[in-house]
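Student: Please pick one part of this model and go through it closely. I would like to see what it packs against, and then how those partners sit in the rest of the fold.

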Amino acid sequence: MFVYKKRYDFPVAFLFMLFVQLLWVSAAPVCAEQIIISTFEYPPFMSSDRTTGKVYGLGIDITRAAFQKAGIVPQFKFYPMKRVVHLFESGKLNASLGTITQFKDMGSQRSTSRVEIFPLSFVFFYFHDKLGRITYNQLADLKSYMIGNVRGSITYSIISGAGLTMDLTHSVEQNIIKFIYGRHDLCVAEEQAGKMLIKNRYPGVYQHVSVVDRPICNVPMTLNLTGKYEHFNIRFREGLKQIKNDGTFVKIAGKYLGNEKAFALQSADLLFLNE
């Protein structure tokens, strides 16, 4: 007589489900470390779109790519330029994208670690049709001009120390607008930032604008770290090295400056030693 014996596949089913669960766990993304970085509006280096929440720019994109190579997710928060320095100094912020010179100019006493990213050149813009060709040997030679500048910028102490008269605004965009409408004679801006803003927003006057050949100063764009974020210095530096080696740096810079300037930017000698 044939007796049917029921099969119990519970152990096999259990093992199968366990195997699937282990595969799912191993495939799940590992929570990456995060860093909150303060910065300010300064296109084409740092920009934000309040409608979409998108943050972008040459400095933003390079910093993001370098941190991602290091397995760190950066989050960028925008403040007025002067407030970034005060929040950083007070200890409410521990990472900033800008220049270390800003903090030194405002008397910052915090111990700060920095990584230099690429060089910046700050210059005077002017209308050559109105003023002719402007040259100078020392800043004091420009005392007859009204100079537009951004409050809290790295050039403020340099120009103020030379005894020049300044018309101060809260952003580079406001500074450019006042310059276009004749509120001041010379407009201070980073060279690439000023050229981009004038060409994109005021194409009709761009050909009438010149740059004084002698820069006010050359400083590096830096990631400034202190407090709980200071240990990210080495990892960011390694990530920056990787994106320079694999072509990511030039690809990003090329979007904003074109390939020729992108290669020059990557190979440029920075002015200070990384600390």
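Tutor: A residue counts as buried here when its relative accessible area is under 20%. The model is predicted. The part to look at is helix H10, which spans residues 248-257. By that cut-off, the buried residues of H10 are Phe249, Val250, Ile252, Ala253, Gly254 and Leu257. An α-helix has 3.6 residues a turn, so residues three or four places apart point the same way.

The buried residues of H10 pack against four helices and one strand: H2 (58-69), H8 (191-201), H9 (233-245), H11 (259-267) and strand S6 (113-127). Two of these partners, H2 and H11, can be described in more detail. Two packed helices are described by the angle between their axes and the distance between the axes.

Take H2 to begin with. The axes of H2 and H10 are 10 Å apart, and the packing angle is about 165 degrees. Because this angle puts the pair in the class over 145 degrees, H2 is roughly antiparallel to H10. The crossing of the two helices is right-handed. On the H2 side the contact uses Leu58, Asp61, Ile62 and Ala65, while H10 supplies Thr248, Phe249, Ile252, Ala253, Lys255, Tyr256 and Leu257. Sorted by class, this contact holds 8 nonpolar, 1 polar and 2 charged residues.

Next comes H11. What separates it from H10 is glycine 258, which follows H10 and has a positive phi, near 90 degrees. The axes of H10 and H11 come within 7 Å and cross at roughly 130 degrees, and the two helices are therefore oblique to each other. H10 passes H11 in a right-handed crossing. The residues that meet are Phe249, Val250, Ala253, Gly254 and Leu257 from H10, with Asn259, Lys261, Ala262, Phe263, Leu265 and Gln266 from H11. This contact has 7 nonpolar, 3 polar and 1 charged residues. Phe249, Ala253 and Leu257 are listed in the contact with H2 and again in the contact with H11.

The partners of H10 lead on to the nonpolar cores. The largest nonpolar core has 61 residues, and those with the most contacts inside it are Ile35, Tyr42, Phe45, Leu58, Ile117, Phe118 and Leu240. Strand S6 gives the most to this core, with 8 residues. Leu58 of that list is also part of the H2 contact with H10. A second, separate core of 15 residues includes Ile134, Leu142, Leu164 and Met166.

Tyrosine 42, from the larger core, shows how distant parts of the chain come together. Apart from neighbours within four places in sequence, tyrosine 42 is in contact with Met81, Phe122, Val172, Ala189, Glu190 and Ala193. One of these, valine 172, lies 130 residues from tyrosine 42 in sequence, yet their C-alpha atoms are 6.5 Å apart. A short way along the chain from tyrosine 42, the peptide bond from proline 43 to proline 44 is cis, with omega near 5 degrees. Proline 44 is in the loop between strand S1 (33-39) and strand S2 (47-48).

Valine 172 belongs to helix H7 (residues 172-180). Valine 172 counts as buried because its relative accessible area is 1%. With neighbours within four places set aside, its contacts are Glu41, Tyr42, Pro43, Val150, Ala189 and Leu197. Leu197 also figures in the meeting of H7 and H8: Val172, Glu173, Ile176, Phe179 and Ile180 in H7 face Gly194, Leu197, Ile198 and Arg201 in H8. By class, that contact has 6 nonpolar, 1 polar and 2 charged residues. The axes of H7 and H8 come within 11 Å and cross at roughly 60 degrees, which makes H7 oblique to H8. H7 passes H8 in a right-handed crossing.

H8 is itself one of the partners of H10. Glutamate 191 is in H8, and beyond its neighbours within four places it is in contact with Ser121, Val123 and Phe125. Glutamate 191 also lies 8.0 Å from valine 211, C-alpha to C-alpha, with their positions 20 residues apart in sequence.

For the protein as a whole, there are 11 helices and 11 strands. Buried residues make up 45% of its 275 residues. Of the contacts between residues at least 6 apart in sequence, 70% join residues at least 24 apart.

Definitions and conventions
Residues numbered from 1 in each chain as written. Predicted model: local features only at pLDDT ≥ 70, side-chain atom pairs only at ≥ 80, totals over all residues. Heavy atoms only, no water. Buried < 20%, exposed > 50% of the residue type's maximum accessible area, 1.4 Å probe, protein only. Contact = heavy atoms within 4.5 Å. Axes fitted to C-alpha atoms, helices over the stretch in contact; angles between N-to-C directions. Parallel < 35°, antiparallel > 145°, perpendicular 65-115°, else oblique. Left-handed = near helix turned anticlockwise from the far one by under 90°. Nonpolar A, V, L, I, M, F, W, Y, C, P; charged D, E, K, R; others polar. Core = buried A, V, L, I, M, F, W, Y, C linked by side-chain atoms within 4.5 Å.
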